[in-house]
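Welcome! Take a moment to turn the model around before reading on. The notes below walk through it, starting from one residue and moving outwards.

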Amino acid sequence: MAVTPNVQKASNDYFAALKSRTPESEDRHRELSPNSMALFSKAGNLFPGGYTRDAIGRAPHPLYIERGQGSVITDSDGRRISDFWLNATSLPIGHADPKVVEAVQEQAAYGSSFFAPTSPELDLAESLVDRLASAERVRFVNSGSEAVMVAIRIARAHTDRSMVVKFEGSYHGIYDDVYWSVSPPVDKIGPSDKPIPVPYSAGLPFNSDRILVLPFNNPSAIQRAFEEHGEEIATVIVEPMANRIGLILPDLDFLQTIRQCCDTSGAVLIFDEVIAFRLGYGGTQGELGVTPDMTTLGKLIGGGYAVGGVAGRADILSVTEAGSSSRVTHSGTFNANPVTMRAGQATLDTLTPDVFEDLNARGVNIRGRLRQICDGLPLTITGAGSLFKVNATETEITDYRGTVTADQEWERVVSLALLNEGIFLTPGLQGCLATTTTDEQVEQFLSAFETLITG
Ligand code: PMP
């Protein structure tokens with residue numbers, strides 16, 4: 001949507017009003033969480049910057065959490081907080097679900113890991129093969145990042161090509177070859193149809209034979225890239241529900257174009273469903289009806305324990321078999337450890353098609369209610385399934401360039417003010433529901449949000 005200068009000024013004034021209350025919100029945060037503040041100060045002497053995981057960073061300090069039950073977490077100052085992010089969407093049935101706890105306790109008493117396979121890995125792999133249209137074979141790893149790294153290596157071995165196509169604004173974990181153009185500064189990104197690859201971190205050597213960054217939701221850019229590099233592209237990795245681009249579903253045409261181009265050139269299509277698997281019984285691929293060649297998984301399939309998985313076509317994953325001519329070797333001390341497998345199984349068993357339907361209907365409802373509250377304000381609500389995001393912009397979000405029009409400082413301040421009211425969303429105002437989220441929690445969130453943004 002084109003925004004006129006007057007409308008833009010009105011928006012800026014609107015955002016400035018709440019941002020001027022930042023010191024007040026930060027002081028209140030300090031008052032409410034002295035123990036967390038002390039722990040974070042100690043952390044500064046142990047971890048560089050006080051953290052061992054960048055994503056959980058929050059100014060002026062994060063809350064240290066002592067326990068979680070259902071959709072409520074308790075911080076080290078004893079405050080009970082409604083958790084609307086659930087470890088980055090990985091707990092769709094809430095914290096410490098009794099069936100998950102029981103399975104984990106039983107398995108922990110039997111032994112937590114062995115230099116040998118165990119039967120729970122077969123059960124979890126079987127569940128994934130049943131659910132995911134793209135899954136004939138599975139390999140387990142310990143994180144989503146590892147899943148992406150292994151999937152890309154498999155795709156390169158299968159095709160005997162090097163180039164990886166990823167989309168501007170997408171996060172696929174910390175592997176070097178996808179750690180590009182995750183949230184690049186606007187002055188460095190170049191033309192919208194031909195983004196310049198920007199490293200997400202220092203320490204990443206660029207190699208144009210290995211990395212190609214394309215705009216999200218732009219079918220003609222895909223077609224052009226395949227016309228130019230069709231013989232070199234090993235794989236296209238794409239989120240069928242884009243987390244950092246507003247938790248949006250892409251246009252179907254975009255995914256279908258990628259599918260066609262990969263089919264024609266022999267490149268491997270990877271759907272990164274580390275988060276997107278949360279959208280339905282058959283993942284987002286099941287909801288949209290586009291089937292990739294491989295799927296990377298993580299988060300919910302471990303039921304709250306460290307996990308990753310690569311699922312895909314048998315002929316492609318066969319490169320990991322002993323005796324394969326272009327063998328991808330693959331190991332990991334804790335791969336498929338039975339505690340994680342059983343926690344994941346208990347979680348998947350709970351997530352039946354009916355449960356997904358209910359959870360997603362509640363997602364539609366909360367997005368609708370947020371839109372009503374934001375009506376007439378320079379805010380946009382995005383999301384899919386049981387996920388939602390408030391964006392401090394009037395621009396329709398269809399790609400990364402839309403997200404950078406948002407006033408991210410406003411989002412951060414609102415998130416902090418909500419936290420002071422006992423509501424946990426990300427600093428970018430992303431949230432999600434779990435089966436354990438109560439209607440009362442939703443009402444409490446909506447009412448606190450409405451008071452804040454209209455007050
Ligand atoms: N892919 C996507 C789409 C993700 O959202 C994430 C993590 N947020 C990852 C990969 C990496 O997963 P992990 O943090 O388990 O390494």
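## A tryptophan and its neighbours

Leaving aside residues up to four places away in sequence, Trp410 touches Tyr14, Phe15, Leu18, Lys19, Leu379, Val390, Ala392, Leu429 and Ile453, where contact means heavy atoms within 4.5 Å. Please keep in mind that this is a predicted model, in which local features need pLDDT of at least 70 and side-chain atom pairs count only at pLDDT 80 or more, while totals for chains, interfaces and linings use all residues. Residues are numbered from 1 along each chain as its sequence is written, and side-chain values use heavy atoms, with hydrogens and water left out.

## Two nonpolar cores

Trp410 belongs to the largest nonpolar core, which has 30 residues. Such a core is a set of buried Ala, Val, Leu, Ile, Met, Phe, Trp, Tyr and Cys residues joined through side-chain atoms within 4.5 Å. Buried means under 20% relative accessible area, exposed over 50%, and partly exposed in between, using a 1.4 Å probe and protein chains only. Trp410, Leu418, Phe445, Phe449 and Ile453 touch the most other members.

Which elements each supply at least two residues of this core? They are α1 (5-19), α13 (353-374), β12 (387-391), α15 (408-420) and α16 (439-454). The most comes from α16, with seven residues. A second, separate core has 25 residues, including Phe254, Ala267, Phe271 and Val290. In soluble globular proteins, nonpolar side chains tend to be buried together.

## The chain as a whole

The protein chain has 16 helices and 14 strands. Helices (H or I, at least four residues) and strands (E, at least two) are DSSP runs, numbered from the N terminus. The C-alpha trace spans about 65 × 60 × 45 Å along its principal axes. Of the 455 residues, 56% count as buried. Among contacts between residues at least 6 apart in sequence, 70% join residues at least 24 apart.

## Some buried loop and helix residues

Here are a few buried residues to find in the model.

| Residue | Place | Relative accessible area |
|---|---|---|
| Thr159 | helix α7 (residues 144-159) | 14% |
| Asn243 | loop between β7 (233-238) and α9 (252-265) | 10% |
| Gly385 | loop between β11 (380-382) and β12 | 14% |
| Ala336 | loop between α11 (314-317) and α12 (338-350) | 11% |
| Leu429 | loop between β13 (423-424) and β14 (430-432) | 0% |

For the contacts that follow, residues up to four places away in sequence are again not counted. Thr159 touches Ala234, Gly266, Ala267 and Val268; of these, Ala267 is also a member of the second core. Asn243 touches Trp85, Ile275 and Gln430. Gly385 touches Leu279, Asn360, Gly363, Val364 and Arg367. Gly385 and Leu247 are 138 residues apart in sequence, but their C-alpha atoms are 9.3 Å apart in space.

## Backbone details

Two residues from the table deserve another look. Ala336 has a positive phi of about 55° although it is not a glycine. Leu429, one of the residues touched by Trp410, has a positive phi of about 60° and is not a glycine either.

Where is the peptide bond that is cis, with omega near 0°? This bond runs from Ala59 to Pro60, and Pro60 is found in the loop between α3 (34-43) and β1 (65-69).
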